[in-house]
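Q: Could you take a close look at one helix in this model and walk me through how it sits against its neighbours? I'd like the packing, the contacts and the buried side in one connected answer.

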Amino acid sequence: MNRDEELKAIGTVVDRLAERFPEAPRSSIEAAVREEHESLNEGRIRDFVPILVEHAAKARLSG
């Protein structure tokens with residue numbers, strides 16, 4: 001997965017989480033996704049980053 005594909009997938013993650021958590025402000029969802037994404041910046045294998053980000057952000061938003 002190249003950088004553009006990863007960023008597109010991360011945008012899709014934000015959209016999915018916004019649908020799942022309609023009561024949460026989109027800015028909060030974007031912040032959670034951004035922070036989780038940044039925490040994975042050091043990894044060399046990028047294929048699973050969007051999945052890992054979505055899982056961590058979903059857990060964070062669930063409480």
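**Helix H2 and its neighbours**

A: Let's start with the packing: H1 and H2 meet at an angle of about 140 degrees, and their axes are 10 Å apart. That angle makes H1 oblique to H2, because only angles over 145 degrees count as roughly antiparallel. The crossing of H1 and H2 is right-handed. Keep in mind that this is a predicted model.

Who touches whom here? On the H1 side, the residues are Arg3, Glu6, Leu7, Ile10, Val13, Val14, Asp15, Leu17 and Ala18, and they meet Arg26, Ile29, Glu30, Val33 and His37 in H2. Sorted by class, that contact of H1 with H2 has eight nonpolar, one polar and five charged residues.

Now for H2 itself. The helix covers residues 26-39, which is 14 residues. At 1.5 Å a residue it should span 20 Å, and its end C-alpha atoms are indeed 20 Å apart, so expectation and model agree.

On to the other partner, H3. H2 and H3 pack at an angle of about 130 degrees, with 9 Å between their axes. That makes H2 oblique to H3 as well, and the crossing of H2 and H3 is right-handed too. From H2, the residues involved are Ile29, Ala31, Ala32, Val33, Glu35, Glu36 and His37; across from them in H3 are Val49, Val53, Ala56, Ala57, Arg60 and Leu61. The class split for the contact of H2 with H3 is nine nonpolar, one polar and three charged.

So which residues of H2 end up buried? They are Ile29, Ala31, Ala32, Val33, Glu36 and His37. What covers them includes helix H1 (3-20) and helix H3 (49-62). Put the contact lists side by side and you'll find Ile29, Val33 and His37 in the H1 list and in the H3 list. As for spacing, an α-helix has 3.6 residues a turn, so residues three or four places apart point the same way.

Glu36 deserves a stop of its own. This charged residue lies in helix H2, and it counts as buried because its relative accessible area is 18%, where the cut-off is under 20%. Leaving out residues up to four places away in sequence, Glu36 touches Val53, Ala56, Ala57 and Arg60. Those four also turn up on the H3 side of the contact between H2 and H3.

Note on methods:
Residues numbered from 1 in each chain as written. Predicted model: local features only at pLDDT ≥ 70, side-chain atom pairs only at ≥ 80, totals over all residues. Heavy atoms only, no water. Helix = DSSP H or I, 4+ residues; strand = E, 2+ residues; numbered from the N terminus. Expected span 1.5 Å × (residues − 1). Buried < 20%, exposed > 50% of the residue type's maximum accessible area, 1.4 Å probe, protein only. Contact = heavy atoms within 4.5 Å. Axes fitted to C-alpha atoms, helices over the stretch in contact; angles between N-to-C directions. Parallel < 35°, antiparallel > 145°, perpendicular 65-115°, else oblique. Left-handed = near helix turned anticlockwise from the far one by under 90°.
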